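Work through the exercises below with the sequence and the model open. Each task is followed by a solution in steps.

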Amino acid sequence: MNMSTLFSLDGRSALITGGSRGIGRMIAEGFVQLGVRVYITARKAEECDAAAAEMSEKGTCTSIPGDISTPEGLDAVVSRLREHESSLDILVNNAGAAWGAPFDEFPEHGWDKVMDLNLKALFFLTQKLAPELRAAAAGGDHLAKVINIASIDGIRTNPNETYSYHASKAGVIHLTKRLAAQLAPDGVIVNAIAPGAFPSRMNKDARDNGDEVQQRIPAGRIGGPEDMAGAATFLASRAGDYVVGETIVVDGGVVASTGI
């Protein structure tokens, strides 16, 4: 056992979807500081480029903007990554969308938008990059890792009428198990993180009403960058090698307090 290197990620490569802001950026910033060659992708090119430039001040971060919710956009991101890397140590499937509307009015395009990005793109990006992940594992020094970002809304419901979001995140949790069983023999370890309240554009309540939201959290606060980066680092490093197909809840005790 070598505790000094148990959580080391130095010299590895990572692609983080939705890495320009929110939870994706929290993970990206943590990885950059740990010596990872980080590639971030996001739909808005200017935001993606700006975020990569800011994070590059502390390490290596490259912008690969693109819309992975479409087959063409996904293929373009994969092609651009392959211009830089012949293997990939870590894939973080974080890009996501939400849609809220009353049940009787919920639109099909709102359903499709969320499912296409949150669930479909996750599967096909992992499929497309499986050769690079397997190549990283074949090097023998460490296992390759896939980290899917789910949500506690995939574990238990809340009053918000975000039907496709709830369903997509539950799907991510179950798909994580299936992918883990398929890819573990190849040295590619798949797990998920289910965040609770973290401030972001998607979770505007936690961002704008943190004082009120934290009163409903047993830990007494909303999540911070270190909480998310720490969980991702555990799963990405040697420390998480024997955790396979699991979803780690990072929510300050919300799910535990509901009894579900």
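## Exercise 1: The surroundings of β5

The model is predicted. In it, both faces of strand β5 are covered: Ala-144, Val-146 and Asn-148 are buried on one side, and Lys-145, Ile-147 and Ile-149 are buried on the other.

Task: State how many of the six residues of β5 are buried, and what follows for the strand.

Solution.
- Step 1. Buried means under 20% relative accessible area.
- Step 2. Six of the six residues of β5 are buried, so the strand is largely enclosed by the rest of the structure.
- Step 3. Lys-145 is an example: its relative accessible area is 1%, so Lys-145 counts as buried.

## Exercise 2: The sheet

Task: Give the order of the seven strands in the sheet and the sense of their pairing. Then find the partners of β5 in bridges to β4 and β6.

Solution.
- Step 1. The sheet is open, its strand order is β3-β2-β1-β4-β5-β6-β7, and the pairing is parallel.
- Step 2. β3 (60-63) and β7 are the edge strands, each pairing on one side only.
- Step 3. On average, neighbouring strands of this sheet are turned by 20 degrees against each other, direction ignored.
- Step 4. β4 and β5 run parallel and are joined by four bridges. Here Ile-90 stands opposite Lys-145 of β5.
- Step 5. The path of the chain from β4 to β5 goes through helix α4 (residues 108-138), and this β-α-β crossover is right-handed.
- Step 6. β5 and β6 also pair in the parallel sense, over six bridges. In β6, Val-188 is the bridge partner of Ala-144.
- Step 7. From β5 the chain crosses through α5 to β6, in a β-α-β crossover that is right-handed.
- Step 8. A further bridge partner in β6 is Ile-193, which pairs with Ile-149.
- Step 9. α1 packs on the sheet and touches β1 (13-17), β2 (37-41), β3, β4, β5 and β6; the direction of α1 makes about 165 degrees with that of β1.
- Step 10. Helix α2 (residues 45-55) packs on the sheet too, touching β2 and β3, and its direction makes about 170 degrees with that of β3.

## Exercise 3: Leu-175

Task: Locate Leu-175, decide whether this residue is buried or exposed, and list its contacts beyond four places in sequence.

Solution.
- Step 1. Leu-175 belongs to helix α5 (residues 163-183).
- Step 2. The relative accessible area of Leu-175 is 18%, so the residue is buried.
- Step 3. With neighbours within four places in sequence left aside, Leu-175 is in contact with Leu-119, Leu-122 and Phe-123.
- Step 4. For a distance to β5, take Asn-148: Leu-175 and Asn-148 are 27 residues apart in sequence, and their C-alpha atoms are 9.4 Å apart.

## Exercise 4: Helix α8

Task: Check the span of helix α8 against 1.5 Å a residue, and name what covers its buried residues.

Solution.
- Step 1. The expected span is 1.5 Å times one less than the number of residues.
- Step 2. For the twelve residues of α8 (residues 225-236) this gives 16 Å, and the end C-alpha atoms are 16 Å apart, which agrees.
- Step 3. Buried in α8 are Met-228, Ala-229, Ala-231, Ala-232, Thr-233, Leu-235 and Ala-236.
- Step 4. The cover over these buried residues includes α1 (22-33), β4 (90-93), β5 (144-149), β6 (188-195) and β7 (247-250).

## Exercise 5: Salt bridges

Task: How many salt bridges does a search of the whole structure find? For the pairs Asp-241 with Lys-145 and Arg-82 with Glu-132, say which parts of the chain are tied together.

Solution.
- Step 1. The search finds eleven salt bridges.
- Step 2. In the pair of Arg-82 and Glu-132, N and O are 2.7 Å apart. Arg-82 is in helix α3 (residues 71-82) and Glu-132 in helix α4, so this pair ties together parts that are 50 residues apart in sequence.
- Step 3. Arg-82 is partly exposed at 40% relative accessible area, whereas Glu-132 is buried at 9%.
- Step 4. In the pair of Asp-241 and Lys-145, the closest N and O atoms are 2.8 Å apart. Asp-241 lies in the loop between α8 and β7 and Lys-145 in strand β5, so the parts tied together are 96 residues apart in sequence.
- Step 5. Asp-241 has 14% relative accessibility and counts as buried.
- Step 6. Arg-25, Glu-29 and Glu-54 are linked in a network of salt bridges.

Technical notes: Residues numbered from 1 in each chain as written. Predicted model: local features only at pLDDT ≥ 70, side-chain atom pairs only at ≥ 80, totals over all residues. Heavy atoms only, no water. Helix = DSSP H or I, 4+ residues; strand = E, 2+ residues; numbered from the N terminus. Buried < 20%, exposed > 50% of the residue type's maximum accessible area, 1.4 Å probe, protein only. Contact = heavy atoms within 4.5 Å. Pairing = 2+ DSSP bridges. Axes fitted to C-alpha atoms, helices over the stretch in contact; angles between N-to-C directions. Right-handed = clockwise from strand over helix to strand, strands pointing away. Salt bridge = Lys/Arg side-chain N within 4 Å of Asp/Glu carboxyl O.
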